[in-house]
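Here is a short report on how the parts of this model meet. Have the structure open while you read.

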Amino acid sequence: MSNTWKSDAMTRRIAARNASERRFRLLGLSAIVLSLLFLALLLFIMLRNGLAGLDWSFLSGSDSTDASAAGIWGAAKGSFLTMVVTLVLSFPMGVLAAIYLEEFAPRNRWVDWVEVSINNLAAVPSIIFGLLGLAVFINMAGMARSSPLVGGLTLALMTMPVIVISGRNAIKAVPPSIRTAAMGVGASPVQVVFHHVLPLALPGILTGTIIGMARALGETAPLLMIGMRAFVATPPGGINDPSSVLPMQIFLWSDEIDRGFVQNTSAAIIVLLVFLLAMNGLAIYLRNKFEVRW
Amino acid sequence: MTQTKLPQTKLTARNVDVFYGDNKAIDDVSIDIGNGVVTAFIGPSGCGKSTFLRSLNRMNDTIAGARVTGQILLDGEDIYDREMDPVALRARVGMVFQKPNPFPKSIYENVAYGPRIHGLAQKKADMDGIVEKALTRAGLWNEVKDRLTDAGTALSGGQQQRLCIARAIAVSPEVILMDEPCSALDPIATARIEELIEDLKSRYAIVIVTHSMQQAARVSQKTAFFHLGRMVEYGDTHQIFTNPREERTKDYITGRYG
């Protein structure tokens with residue numbers, strides 16, 4: 001047979017190639033199934049152990065030595081106040097830093113060094129930020145120990161680099177033709193950024209911010225260092241009151257011997273997961289809402 | 001050889017060099033660009049014609065390492081002088097780019113943006129007037145007047161480019177620079193832009209960079225031929241295309257290279 005495409009060798013080759021395609025798809029599918037399986041397992045165990053404990057008195061109460069009286073409200077409010085402090089500080093600072101680095105900073109060795117530092121900062125273990133917060137905010141500045149203010153400041157240090165990095169990527173993704181178009185009608189560099197670049201980059205920046213915030217919400221280690229592991233039986237009235245946060249409450253309860261706290265731990269995990277899912281959902285919603293297609 | 005007398009010189013360049021870092025992209029170019037005529041820059045790719053065009057409204061300032069020496073005068077004012085504000089200059093010397101680049105906003109906003117940042121309209125009615133006039137001059141008004149709130153990016157390529165021209169003329173420029181404005185357009189859209197250039201030329205000094213020699217011959221009155229960063233020949237378009245003085249110009253025009 002002279003026909004290359006009908007020869008036996010070619011038929012075998014094509015069959016082998018199709019088989020390898022199928023193997024790859026199966027491998028990818030099983031990777032997804034495996035990771036989702038663990039999530040499902042986690043959810044199942046938590047719901048089985050914790051669902052019964054999720055009642056109004058649990059949602060509205062604060063920590064107590066009595067498992068049946070203990071509730072999540074104090075820690076949830078502490079988390080909320082801490083997140084507010086974190087967001088108010090890290091969002092504007094992160095976005096301004098990203099804009100400056102991307103649009104205004106000269107290209108020189110000094111700026112390269114700043115870039116490397118910010119990238120490294122995002123990778124620093126969170127407990128080190130906790131030590132920094134302890135040294136600077138509590139020991140040097142004399143702020144209140146265990147307070148959402150100090151917790152928020154510490155987490156803001158951690159979140160800012162994440163916002164800078166996602167912000168820079170979002171700004172970089174805005175096509176240069178929009179900048180030249182705006183400059184071509186006589187817009188100043190600041191007008192170019194605030195009228196054109198920033199609105200187009202906003203969905204990406206918001207997504208990065210919310211992911212950074214979600215990470216901060218689940219963070220425990222740095223808050224251990226600044227004393228947010230204290231037993232707090234009343235919800236904080238403001239950002240200077242001693243307070244706990246959700247992941248810390250989970251950590252504290254998981255340490256208790258009393259069987260009643262096992263249920264509380266699972267119920268608190270459910271509450272934290274609901275918060276995280278809501279924040280990620282918000283990120284997806286905002287991205288879709290503000291995304292400009294062209 | 002009779003030269004068309006320039007009605008009035010708008011832009012004057014004297015001994016202009018443009019560097020990108022250590023690389024000299026433009027070497028000793030001197031040219032007078034007239035008001036009310038269309039001047040075409042032609043030449044092979046990489047000859048520096050776009051670079052020179054971008055130095056006329058200081059668009060090169062935005063490129064790191066770009067440097068311009070020599071003198072470029074707009075109505076006798078040195079545009080590279082300390083006193084000259086590059087932001088205001090770019091409103092006076094408008095630009096239309098190779099690829100249509102409308103803002104991802106409404107058609108109205110695309111045109112109104114320039115006048116708004118320069119405070120050219122006090123009332124909504126004034127702005128409406130500016131937008132209508134600019135779109136009319138750009139030959140787009142009849143096609144878009146009923147859908148001014150639609151996205152500018154939803155228009156066809158040729159319409160987008162006319163929208164970009166409307167956006168440029170909305171800020172009342174004195175000069176319009178066009179950097180290969182038709183290279184992304186089909187022949188019909190190209191013909192409309194060329195008609196538009198013909199209509200606009202009485203009010204502005206227009207400089208157009210083009211790869212198409214036919215286009216240069218159709219739309220321009222003056223043509224400059226660039227090669228390897230130098231301006232080889234500058235003269236009346238008719239003369240350049242029928243009786244070039246320089247051998248290199250002749251070779252390029254007859255398709256020997258480029």
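## Where chain A meets chain B

Five residue pairs are in polar contact across the interface of chain A and chain B, counting pairs with both residues at pLDDT 80 or more. Keep in mind that this is a predicted model. Salt bridges are another story: the rule finds zero of them across the interface of chain A and chain B.

In residue terms, chain A brings 18 residues to the contact and chain B brings 20. Put together, the two chains bury about 1,500 Å² between them, and 69% of that area sits on carbon and sulfur atoms.

## What chain A puts into it

Which residues of chain A lose the most area to chain B? They are Met183(A), Val185(A) and His196(A), and together they make up 35% of what the chain A side buries.

Going by secondary structure, helix 7 (176–184) and helix 8 (189–217) of chain A each supply at least two residues of the side that touches chain B. Helix 7 of chain A has the largest share of that side, with seven residues. Sorted by residue class, the side of chain A that touches chain B has ten nonpolar residues, eight polar ones and no charged ones.

## Two domains in chain A

Now for the layout within chain A. The domain assignment splits chain A into domain 1 (2–53) and domain 2 (57–290). Taken over C-alpha atoms, the centres of these two domains of chain A are 36 Å apart.

Nine residues of domain 1 of chain A are in contact with seven residues of domain 2 of chain A. Between them, these domains bury about 670 Å², with 74% of it on carbon and sulfur atoms.

## The domain 1 side

Which three residues supply more of the area that domain 1 of chain A buries against domain 2 of chain A than any other three? The trio is Met46(A), Asn49(A) and Gly53(A), which supplies 62% of that area.

How many residue pairs are in polar contact between domain 1 of chain A and domain 2 of chain A, with both at pLDDT 80 or more? The count is zero. The rule also finds zero salt bridges across this domain interface in chain A. As for residue classes, the side of domain 1 of chain A that touches domain 2 of chain A divides into six nonpolar and three polar residues, with no charged ones.

Key:
Residues numbered from 1 in each chain as written. Chains lettered and ligands numbered in written order. Predicted model: local features only at pLDDT ≥ 70, side-chain atom pairs only at ≥ 80, totals over all residues. Heavy atoms only, no water. Domains from an automatic or database assignment. Contact = heavy atoms within 4.5 Å. Buried area = accessible area lost by both parts, 1.4 Å probe. Salt bridge = Lys/Arg side-chain N within 4 Å of Asp/Glu carboxyl O. Polar contact = N/O pair within 3.5 Å; in protein donor to acceptor, adjacent residues only side chain to side chain. Nonpolar A, V, L, I, M, F, W, Y, C, P; charged D, E, K, R; others polar. Helix = DSSP H or I, 4+ residues; strand = E, 2+ residues; numbered from the N terminus.
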